[in-house]
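Colleague: I would like to go through this model with you before I set up any calculations. May I put some short questions to you?

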Amino acid sequence: ERGYRPISYVDQMAIHLSLNGNMILKDSDEGRRQSIKLSTALSFLSSEKAPLETSAVTSGEAEIKEEESTGDTQTEGSRTAEVTEAAEAEEAEEAEEPPRLRVKEKKLANQFNFIERASRTLNNPMRDRACQSEPTPCESFSATANPWEIYDAYVEELQKMERSKAKEKPKAQIAKREEEKKGRKLNSLESQSDDRTKISKTAKIMERVVNQNIFDDIAQDFKYFEDASDEYRDQKGTLLPLWKFQHDKTERLAVTAISWNPKYEDLFAVGHGSYDFMKQGQGMLLLYTLKNPSFPEYVFSSESGVMCLDFHNDHPYLMAVGFYDGNVAIYNLKKATSQPSYKSSAKSGKHTEPVWQVKWQKDDMENNLNFFSVSSDGRIVSWTLVKNELVHTDVIKLSVEGTTMKGPEGLQLQTLGCGTSFDFHKKIDYLFLVGTEEGKIYKCSKCYSSQFLDVFEAHHMAVDSVSWNPYHLKVFISCSSDWTVKIWDHTVKTPMFVYDLNSAVGDVAWAPYSSTVFAAVTTNGKAHVFDLSINKYEALCTQLVVAKKKNKITHIQFNPVYPIVIIGDEQGHVTSLKLSPNLRKMPK
Amino acid sequence: ELEESLKRIQAQRGVVAMMIVNAEGIPIRTTIDNSTTVLYAGLLQELIKKARSTVRHIDPENDLTFLRIRTLKHEILIGPGNISIKITIQLYVL
């Protein structure tokens, strides 16, 4: 009935081990007897002279205690505590005199009553406290790191460093301020002019590209076309017309001079003037480039007709120009003005007749630029640019032998021949040739001012052009209005070759790539190209370049680099022609 | 002489239109109507940037000098400068 009943034996129970324990319940009789025995033994051992009473009392007390509290198996209980307190109180009252030894009292545990006492500290109430800083301002940034951006950054750094180095040099504060102001002004000006210059640059490129598109087929021809039919032509060649350069302002002016720029192989200068003695107007100087056939790059105008021009070899921006009125001038292409940088005048010894040819010379001892000019007044003059002024020195006076006239007062007047063209030897600096209107060619030297080294009876009419062969140092060529072109060896008085071209020859030029090729132009509009290594008597190519009746050709020039020639005519047009392969053969 | 050269370009045969656009893409000068100009300027600006980036990526010291786009009907010539860009449309395709 709601309790546990010990059952000694169960059917399913199997006894593995049975052991009789030797533990005795304390409260039972046997247990008490044993414990008394133990305690008396202990008291005998540990007590000193203690009166029997006390010991008996103590032992009796102990016995009482033990008897009362033997039932306990557990730790201290309140009853035992009370009992012991009571016992201690009795002790204290009864036995004060004798020293007492007490048996250490064991705290006997309470079997049935278990009281636990615990204590606990107060927990402080928890409180959350936090603090947060302001978030750093974030911004999203994206960029691509290109190699050129890195390069740009480096370049900027370099420039900054250079500028700071320059600034480190000691300067007065005022100077610094001034420079800063200037710098600011410059910046604002520069930005304006930068705009313009940059647009103008782009505009220039654009113009050239547009032109290239328009003249695309010509541009292609210029570069790539090779006349294949030359193989069938038996060594004759043709001239393929390429661009035609013209400008409305030069419509009525004849081309009087053409020359390629030594540095920029596509730039050439054209001088315009008039050969007609009666009609003299103004002159123009135009510079064209092959890249832009429709408009000249530079335009200069002058009061009198331009007769000749020459580019300086070392300074390709300087041009010497000779005029119909006898003046010479130097134009500087780097400067933006349309006026010449230096000009001769009547005071500074200009020629009294048209200047037919000018040629630059090497700088003289003091590194001054100088050039020579030849003119119909019979003087060959050397002009030197000394301290921004043109100073002239007469080099030679072309006196005609055997024609001294008796002037008034018995003076012997020497009539002077009229020089029409000259050319300096490529290697021997002081040696040069002069062609005259009388048809003679004088070989002269810069050192002798009144004597000629030699005279060649060259032509019957004026010698229009003389030119040394660029490769054969002894050979020169001359052409004249007497319809002939003659090739000479300067040691021999008679010409080596004579070509009759059926019409007055305006100009002749050696080809820069071969020692045996030369070209001549005649006033009937034809261009003749000869190659002496192939055919000594006939032209390889005779081609009509301009319309026969209206136009006469005046000049021809070979381009030093490209296989083209430019031909100037009387109407102010310049035609460029490409030489076919047969005409371009290099000598072996 | 800047004005003259611009005029000459316009006067050449085959040039349909010409425009100058500044660095921000705003057309400064044009010969055709505004809407087409703005269209061309906007579209071509990206192309120019890309082309320039390509060229300089290969070699940072190099830079774009000219860009030509040939289409069936015409050819667009673009000359990029630092501050401005010049666009010409030409009707001449071989």
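Colleague: To begin with one side chain, is Tyr298(A) buried, partly exposed or exposed?

Modeller: Tyr298(A) is partly exposed, at a relative accessible area of 32%. Please keep in mind that this is a predicted model.

Colleague: Which residue forms a stacked aromatic pair with Tyr298(A)?

Modeller: Over all chains the count is 21 aromatic pairs. In one of them, Tyr298(A) is stacked with Phe300(A), with 6.5 Å centre to centre and 0 degrees between the planes. Phe300(A) is buried, its relative accessible area being 3%.

Colleague: And which residues form an aromatic cluster?

Modeller: One cluster consists of Phe497(A), Tyr499(A), Trp510(A), Phe518(A) and Phe530(A).

Colleague: Let us step back to the whole chain. How many helices and strands does chain A have?

Modeller: Chain A has six helices and 30 strands. It comprises 588 residues, of which 42% count as buried. Its exposed area is about 36,600 Å², and 53% of that comes from carbon and sulfur atoms.

Colleague: What share of its contacts links residues 24 or more positions apart?

Modeller: That share is 48%, taken over the contacts in chain A with a separation of 6 or more.

Colleague: What does the largest nonpolar core contain?

Modeller: It holds 21 residues, and Leu239(A), Phe558(A) and Ile567(A) have the most contacts inside it. Five elements of chain A give it two or more residues each: strand 25 (517–522), strand 26 (526–531), strand 28 (553–558), strand 29 (564–569) and strand 30 (574–579). A second, separate core has 17 residues, among them Met307(A), Leu318(A), Leu369(A) and Leu390(A). In soluble globular proteins, nonpolar side chains tend to be buried together.

Colleague: Which residues is Phe558(A) in contact with, leaving aside neighbours within four places in sequence?

Modeller: The contacts of Phe558(A) include Trp260(A), a run from Ala509(A) through Trp510(A), Ala511(A) and Pro512(A) to Tyr513(A), and also Phe518(A) and Ala519(A). Ile564(A), Val565(A) and Leu579(A) are in contact with Phe558(A) as well.

Colleague: Changing topic, how many disulfides are there?

Modeller: The count is zero over all chains. As for individual cysteines, Cys131(A) is exposed at a relative accessible area of 80%, whereas Cys479(A) is buried at 0%.

Colleague: I also want to check the backbone. Where does Trp483(A), with its positive phi, lie?

Modeller: Trp483(A) is in the loop between strand 21 (475–480) and strand 22 (484–489) of chain A. Its phi is near 75 degrees, a positive value in a residue other than glycine. Trp483(A) counts as partly exposed, at 42% relative accessibility.

Colleague: And what is phi for Asn502(A)?

Modeller: It is near 65 degrees, again positive in a residue other than glycine. Asn502(A) belongs to the loop between strand 23 (497–500) and strand 24 (505–510) of chain A. At 58% relative accessibility, Asn502(A) counts as exposed.

Colleague: Finally, what is the mean pLDDT of chain B?

Modeller: The mean is 80, and 94% of the residues of chain B reach 70 or more. Among its elements, helix 2 (residues 34–58) of chain B has the highest mean pLDDT, 87, and strand 5 (residues 84–90) of chain B the lowest, 75. Where pLDDT is low, the predicted coordinates should not be read in detail.

Colleague: What ipTM and pTM does the predictor give the complex?

Modeller: The ipTM is 0.71 and the pTM is 0.62.

Conventions
Residues are numbered from 1 along each chain as its sequence is written. Chains are lettered from A and ligands numbered from 1 in the order in which they are written. Side-chain values use heavy atoms; hydrogens and water are left out. Helices (H or I, at least four residues) and strands (E, at least two) are DSSP runs, numbered from the N terminus. Buried means under 20% relative accessible area, exposed over 50%, partly exposed in between (1.4 Å probe, protein chains only). Contact means heavy atoms within 4.5 Å. Accessible areas come from the Shrake-Rupley method with a 1.4 Å probe; for residues, only the protein chains shown count as cover. A nonpolar core is a set of buried Ala, Val, Leu, Ile, Met, Phe, Trp, Tyr and Cys residues joined through side-chain atoms within 4.5 Å. A disulfide is a pair of cysteine sulfur atoms within 2.5 Å. Rings of Phe, Tyr and Trp (its six-membered ring) pair if their centres lie within 6.5 Å; planes under 30 degrees apart count as stacked, over 60 as edge-to-face and the rest as tilted. pLDDT is the predictor's confidence in each residue, from 0 to 100.
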